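Q: I have a new protein model to look at, and I would like to learn how to read it. Could you walk me through it step by step?

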Amino acid sequence: MKKKKNNTKQSAAMVWRNNWFLLKLMFSASPSFIIFMVLDSIRNQVSIFFEHTYGIGYVLEAAEFHYPFVRVARFLLILAACITLGMVFTVMAGDYIQEKERPKVREKIKMLLYEKTKELDLACYDSPEYYNEMVLAISEVDKQIDRCETFLRNTASGITVFISTGIYFLIRDRFSIVFAAVSFIMAFAFNQLYNKLSFQIRMERNPHERKREYVKRVFYLNDYAKEIRLNPEIPDILFHTFEQANDEVYNVEKRHATKRFFLGVMRRYVSNDFFSDVLYISYLVFQAVMRGALSFSGVAILYNSFGRLKRGMSIFTDVYPFACESSLYVQKIRDFLAYEPEIQSEEGIEPTKGAKEMEIDRVSFDYNKDAGGLLKNISLHIAPGEKIALVGYNGA
């Protein structure tokens with residue numbers, strides 16, 4: 001098998017195809033799981049907008065400009081009733097339908113992979129590289145389903161926040177959107193770089209982590225424990241192999257630590273908190289104190305809503321790089337499902353006329369007479385053309 005290079009470069013079309021591939025599998029397994037998840041995400045953000053942005057803004061303006069009490073009380077009662085109805089929907093959609101349907105989604109996708117493993121030939125398992133890729137694909141299924149769910153929630157929530165809060169900002173103070181836009185562009189660039197680096201680190205760690213986990217597992221196998229006692233040099237070899245693999249994992253992290261730290265600071269602080277807590281608040285104070293263009297209640301609600309507008313724009317900054325990283329792992333799953341065995345086994349092959357049956361009766365085996373017996377009283381019958389697999393504790 002030819003060695004494949006881990007490539008983190010993807011076109012937007014590939015990112016879309018891979019995420020759409022997994023989404024289609026999830027939807028075919030349970031349409032209600034996807035539909036109610038999206039609806040609940042939209043409802044949640046609409047409710048937060050009316051409560052935290054429009055609602056609080058209305059109450060602050062009422063206090064500043066002395067609105068009649070009856071008018072404010074009526075508004076609050078209507079708002080509370082709408083929020084309560086929304087919470088009832090969330091309980092039905094999230095705590096009942098989604099929890100009921102989620103196992104169906106995971107089961108269907110895992111069964112696709114398990115069915116594929118039945119087609120594999122021994123040529124695959126002779127390649128450590130392919131075996132690592134296969135294990136990675138299967139082990140990532142649950143995580144990628146969760147990531148796809150997060151992707152859908154964030155997308156639905158982000159679009160809802162962007163539309164609702166964006167319209168509010170256009171009405172109250174248009175220039176505020178410029179601050180959010182600059183923060184968005186910077187966060188978008190640094191998030192992409194950070195997520196690509198995270199995937200590269202994971203790919204470099206994977207073979208060493210697999211070796212480390214295999215050594216750990218050996219010590220828990222009964223038959224290996226016997227051999228370790230009989231061969232004192234084996235533990236030293238295993239410990240050395242484990243330490244070697246552990247050092248390789250550490251070296252991978254150390255090699256990329258400085259770049260990862262820099263990208264983390266840029267995407268988390270400079271692109272986000274610096275703009276909102278330093279630049280934007282200074283602009284709002286200037287507008288209210290120096291120009292008198294904003295009321296103090298307007299300053300409070302705009303600053304409070306600025307974070308929501310940025311989170312709405314995160315559909316472009318966080319969600320797409322998030323989808324890019326998911327796409328890299330989903331591609332591994334698709335490659336595994338698309339693999340064609342090198343050794344083709346034709347169906348319905350009749351055994352040759354001279355084929356004989358094989359039978360062993362109460363056979364025992366050990367390496368030496370003091371080992372205690374590795375195999376004891378094994379009986380086996382294999383008919384002509386029949387396929388039998390013998391699997392040990394470690395999967396061999």
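A: Happily! Let us begin with a term we will need: a residue is called buried when its relative accessible area is under 20%, exposed when it is over 50%, and partly exposed in between. Please keep in mind that this is a predicted model. Glu61 makes a good first case: its relative accessible area is 19%, so Glu61 is buried.

Q: What share of the residues of the protein count as buried?
A: Of the 396 residues, 38% count as buried. You can also look at the surface from the outside: the protein exposes about 24,300 Å², and carbon and sulfur atoms supply 62% of that.

Q: How many helices and strands does the protein have?
A: You will find 11 helices and two strands. Following the sequence, the pattern reads α-α-α-α-α-α-α-α-α-α-α-β-β.

Q: How many salt bridges does the count come to?
A: A salt bridge pairs a side-chain nitrogen of Lys or Arg with a carboxyl oxygen of Asp or Glu within 4 Å. By this rule, the count here is 14. One of them joins Glu61 and Arg172, whose closest N and O atoms are 3.3 Å apart. This pair links distant parts of the chain, with Glu61 in helix α2 (residues 31-65) and Arg172 in helix α6 (residues 141-172), 111 residues apart. We met Glu61 as a buried residue; Arg172, with a relative accessible area of 26%, is partly exposed.

Q: Which residue forms a salt bridge with Arg102, and how far apart are the closest N and O atoms?
A: The partner is Glu149, and the closest N and O atoms lie 2.8 Å apart. Arg102 sits in helix α3 (residues 69-117) and Glu149 in helix α6, so this pair ties together parts that are 47 residues apart in sequence. At 14% relative accessibility Arg102 counts as buried, and at 8% Glu149 counts as buried too.

Q: Is Arg255 buried or exposed?
A: Arg255 counts as exposed, because its relative accessibility is 52%. Arg255 forms a salt bridge with Glu204, the closest N and O atoms being 2.8 Å apart. Here helix α9 (residues 233-290), which holds Arg255, is linked to helix α7 (residues 176-218), which holds Glu204, and the two residues are 51 residues apart. Glu204 has 23% relative accessibility and counts as partly exposed. Salt bridges can also share partners: Glu99, Arg102, Glu149 and Arg153 are joined in this way into one network.

Q: How many disulfides does the count come to?
A: The count is zero. As for cysteines, Cys148 is buried at 4% relative accessibility, and Cys324 is buried at 10%.

Q: Which residues touch the most other members in the largest nonpolar core?
A: They are Met26, Ile34 and Ile109, in a core of 21 residues. At least two residues each come from α1 (12-29), α2, α3, α5 (128-139), α6 and α11 (319-338), and α1 gives the largest share, five residues. Leaving out residues up to four places away in sequence, Ile109 touches Leu22, Leu25, Met26, Val141 and Ile145. Apart from this core lies another, of 16 residues, including Tyr280, Ile301, Phe306 and Leu309.

Q: What share of the contacts with a separation of 6 or more comes from residues 24 or more positions apart?
A: Such residues account for 81% of those contacts in the protein.

How values were computed. Residues numbered from 1 in each chain as written. Predicted model: local features only at pLDDT ≥ 70, side-chain atom pairs only at ≥ 80, totals over all residues. Heavy atoms only, no water. Helix = DSSP H or I, 4+ residues; strand = E, 2+ residues; numbered from the N terminus. Buried < 20%, exposed > 50% of the residue type's maximum accessible area, 1.4 Å probe, protein only. Disulfide = S-S within 2.5 Å. Core = buried A, V, L, I, M, F, W, Y, C linked by side-chain atoms within 4.5 Å. Contact = heavy atoms within 4.5 Å. Areas by Shrake-Rupley, 256 points an atom, 1.4 Å probe, with all protein chains shown as cover.
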